[in-house]
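Got a fold in front of you and want to know how its pieces sit together? Let's go through it by question and answer.

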Amino acid sequence: MFNNLSDRLNDTFDRLRGKGKLTEADITSAMRDIRMALLEADVNFKVVKDFVAATKERCLTAEVLDSLTPAQNVVRIVLDQLVELLGSTESKLVLSSRIPNVIMLVGLQGSGKTTAAVKLAYLLKKQGKSPLLAACDVYRPAAADQLATLGGEIGVPVFRGDGAHPVEIAQGAIREAVDKMRDVVIVDTAGRLQIDEQMMQEAVDIKNAVKPDQVLMVVDAMTGQDIVNVVQTFADRTDFDGVIISKLDGDARGGGALSVRAVTGKPIKFVSMGEKPDSLEVFSPDRMAKRILGMGDVVGIIEKAQEVADAQKLEDAERMLRDGLTMNDLLDQMRMLKKMGGMKSLIGMLPGGQRMLNQMGGNFDESMLDKIEAMIQSMTAKERLKPSIINGQRRARIARGSGTTPTDVNNLMKQWGEMNKMMGKMRAMTQQAQGGKKGKKGKKGKKMRMPGMGAMPGFGGGNPFAGMGGGSGNADMDMLRAMEQQMKGKKF
């Protein structure tokens, strides 16, 4: 999603970076390119018109035209305007003190309401809540069965009320929640292929009957310009509190999703980035804007790493920094990458990473990780702990046992050697940051440790991945292209 928009915007910025000083004509030309990029991404015309006008006005100030780095100032202004378009501040789900809290989901059929209800239940369960799902869609065949199946997978009960009216089902779910000590009820309502009076009235009746604490509209990110009319109608009739954007990992242009906040004034609260229950994320306008502009989402990478972290992994990270990596460590890293969504997902969150993936054809061969895992599992316990003992004869045996070739094993050994060299450099940097005193632990907060990646100097706070993020552009792309060339030369 947004890949084409990101490419078009970055091409515009690249042309500006090639100029030492910007003129009004340069700004006008850049704004024309940005206007076309947004319109081609299916952003609402009125939203585009207001966005470009505000951006151009800010870009034509003396502060930009007379500065030493005018292109960087333009990028900063576009980023600020994009954040404002998406909502300026993070809007979290607000729950009241009453028990149970009621969250009602509305939207068209096919927008992903049922899966969004399950993902939201999973997220709340992780936060210590005890959710109950209410199956109020009595029209779509097997809708209640689908909700019951998905709820069973995450361990959240579903109140079905088979044969009852949707309003009665919602009321029965609240009574069930009180009886079973459930503190949140998520009401999955019915949708239609298009807006009709019966659907809207039913949603209004359910809202009046159960008085939900939050009404969230689920919007399909793949919907085009018509999304504006749909959300406006729901806003007028149900007065929803926020939006969940589903299918944001799809291939559509996605501009309709960018229009929602500007058209309705309602905040985007969550975005769904995949099919799995854990793929619902709290929406951050700042981070989304940076991803659209190719600046990556490094904070997201760190959060994913912290989710799979535990005390043992942190101890292992300390040991790897001190003693180097074993093949067991490398195997743990491969498995951690899979838990974090795979290499393609992580590269896409790096500054310039999505652009690099596009240059590679949009694909990253994740089977490489499976081959590495097979080769490591074909090693003996001693070989895993001390890979340096692996000679030619052992490599041939490992290749036979893993269904790979000796060349694949050689490449794995080379990668292991390069990673240990990197750990050695990081160890030296850490010692230098601590005053060059070996064996002495630095103060807490000097470095942030990421599980399976060793201790990373300079990750204490402020700007993670300093030097990679802020839209510096050329340096970032040079580094990523070097990574791409290195990966192209490795066949596992």
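What follows is a short set of questions and answers on helices, salt bridges, strands and one core position.

This is a predicted model, where local features need pLDDT of at least 70, side-chain atom pairs count only at pLDDT 80 or more, and totals for chains, interfaces and linings use all residues. Residues are numbered from 1 along each chain as its sequence is written, and side-chain values use heavy atoms, with hydrogens and water left out.

Q: At roughly what angle do the axes of helix α3 and helix α5 cross?
A: Helices here are DSSP runs of H or I with at least four residues, and strands are E runs of at least two, numbered from the N terminus. Helix α3 covers residues 45-59 and helix α5 covers residues 70-86, and their axes come within 10 Å. An axis is a line fitted to C-alpha atoms, for helices over the stretch in contact, with angles from 0 to 180 degrees between N-to-C directions. On that scale the two cross at roughly 145°.

Q: How many nonpolar, polar and charged residues are in the contact of α3 with α5?
A: Contact means heavy atoms within 4.5 Å. On the α3 side you'll find V47, F51, A54, T55, R58 and C59, and they meet V74, R76, I77, V78, D80, Q81, L82 and L85 in α5. Ala, Val, Leu, Ile, Met, Phe, Trp, Tyr, Cys and Pro count as nonpolar, Asp, Glu, Lys and Arg as charged, and the others, Gly among them, as polar. That sorts the contact into nine nonpolar, two polar and three charged residues.

Q: Which residue forms a salt bridge with K46?
A: A salt bridge here is a side-chain nitrogen of Lys or Arg within 4 Å of a carboxyl oxygen of Asp or Glu, and the structure holds 12 of them. The partner of K46 also lies in helix α3, four residues away, or about one turn of the helix. K46 itself is exposed at 55% relative accessibility, on a scale where buried is under 20%, exposed is over 50% and partly exposed is in between (1.4 Å probe, protein chains only). The closest N and O atoms are 3.2 Å apart, and the partner is D50.

Q: How far apart, N to O, are the side chains of E176 and K180 in their salt bridge?
A: Side chains of opposite charge can pair when their charged atoms come close. E176 is partly exposed at 25% relative accessibility, while K180 is exposed at 54%. For the salt bridge between E176 and K180, the N to O figure is 3.1 Å.

Q: Is strand β2 buried or exposed?
A: Take its two faces: P131, L133 and A135 sit on one side, with L132 and A134 on the other. Five of the five residues in β2 (residues 131-135) fall in the one class, so the strand is largely enclosed by the rest of the structure. Both faces are covered, and the class for β2 is buried.

Q: Which residue is the bridge partner of L132 in β4?
A: Strands of a sheet pair through backbone hydrogen bonds, either parallel or antiparallel. Two strands count as paired if DSSP finds at least two bridges between them. β2 and β4 (residues 184-188) pair in the parallel sense over five bridges. Along that pairing, the partner of L132 is V185.

Q: Which strands stand at the edges of the sheet?
A: Eight strands form an open sheet with mixed pairing, in the order β3-β2-β4-β1-β5-β6-β7-β8. Each edge strand has a single partner, so one side of it is left without a neighbour in the sheet. Two bridges join one of them, β3 (residues 158-159), to β2 in parallel. The edge strands are β3 and β8.

Q: What is the relative accessible area of V218?
A: V218 has its place in strand β5. Leaving aside neighbours within four places in sequence, its contacts include L105, V106, I244 and S246. V271 is 53 residues away in sequence, with a C-alpha to C-alpha distance of 9.5 Å from V218. V218 counts as buried, at a relative accessible area of 1%.
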